[in-house]
Amino acid sequence: PLRPVEVVKDLMHSIQPGRLAINSVTFDGPAWPDVDPVLVGFWLVEYGLAPGVVFTATGDGRHQIATPNETFYKKPLCVQRGRFRLMSKTNEAIFDAGVKQLTETSELQALPVIELMISPLGYSQKALDMEITSDVELDFLTRFQVCASLGHPILVSGMSTVWSLAQYATRYTNQQVVIAVGGGSYSIERGMFSDAEAKGLSGGILEAFGKIFSKGVQVWTFPNISADGTVTPGTESELEDKASHALYRFLVETGKIKAIEEKHISAEVLDPATNKPYRTEVQEVFNLICRGDESWKELLPDKVRSVVLEINAHGQGFGPLECDVYGAAPVSPLEQFAGDFYEATGISP
């Protein structure tokens, strides 16, 4: 019998791109025992068969594939995007504050959504000929477990740009969509004003922002926190490029980009005496794990820490990690796999 991954690969056979949209696929019955729906969603996105696949919590600690129109319908959405090898305390705080503010402004209960980003191989014969190795799947499943620990809906996504996320989300809800960014040393210039955001658009970055904000989507910024604990509102960033800075100030002044208000942010985050866990980047947490430094446990939300310890207890995912000569954690199998594919085939991500 065909393996489930081969069935997924054949779903678009002889169908021209753009003629069919796939939201979800379910394997059921005696011929398909123990097919992990999380891996099915991963395959759909990895092979370019779907821009994203939504998972919702079932209440027993698991997630199931769901349709975006049912999950997002008539709900205000607070979306946080990332590759999430780990979920930090900052990620948790951004959701807490963002959801509070969005619920207050929309007068409806806001739904937090985790966009778990991957770099898909895309839909091509070269991609379909690639076999995803077990270490790559394990890397993805580990990230999914980390995200699932917070209990929010998860959007497994191959959408690399903010504008593609904005257009996807507004397709399924008529309520406010907020993309929440910031924290730590986050740079909005690097995150939203880069050449990658405008790739393939004849109108460049202006067209990208038109696509982001055309249906009322807003970007909300969480404060940056420097190494000494100093808190700076996210809308006070200074962009190096003068033209980008002028555009950024225009977007702030017109309410397209807004700060998450301090009244919604916990005192622990705002106080330099207590905000050390919110200054640490995820990569540094990995480096601590790699070096065997137990202080990493203080830098993650309780639920995420429990998942990491459970995964490590089974000898999977996080440890042991081989440090480089500088004591840093290695590139993950998921990123390495995508990078090797792009380099070998000449296909651009």
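The legends below describe close-up views of salt bridges in a predicted model. Residues are numbered from 1 along each chain as its sequence is written. Because the model is predicted, local features need pLDDT of at least 70 and side-chain atom pairs count only at pLDDT 80 or more, while totals for chains, interfaces and linings use all residues, and side-chain values use heavy atoms, with hydrogens and water left out.

**View 1. Arg-249 and Glu-253 form a salt bridge in helix H10.** A salt bridge here is a side-chain nitrogen of Lys or Arg within 4 Å of a carboxyl oxygen of Asp or Glu, and the closest N and O atoms of this pair are 3.3 Å apart. Both residues lie in helix H10 (residues 242–253), four residues apart, which is about one turn of the helix; helices are DSSP runs of H or I with at least four residues, numbered from the N terminus. Arg-249 is partly exposed at 27% relative accessible area, whereas Glu-253 is exposed at 62%, where exposed means over 50%, buried under 20% and partly exposed in between (1.4 Å probe, protein chains only).

**View 2. Glu-294 pairs with Lys-297 in a salt bridge.** The closest N and O atoms of this pair are 2.6 Å apart. Glu-294 is partly exposed, with a relative accessible area of 48%, and Lys-297 is also partly exposed, at 29%.

**View 3. Asp-302 and Arg-305 meet in a salt bridge within helix H13.** The N to O distance is 2.8 Å, and the two residues stand three residues apart in helix H13 (residues 302–313), separated by about one helical turn. Asp-302 is exposed at 52% relative accessibility, while Arg-305 is partly exposed at 22%.

**View 4. Arg-3, Glu-6, Lys-9 and Glu-131 belong to one network.** Salt bridges that share partners join these four residues, and the structure holds eleven salt bridges.
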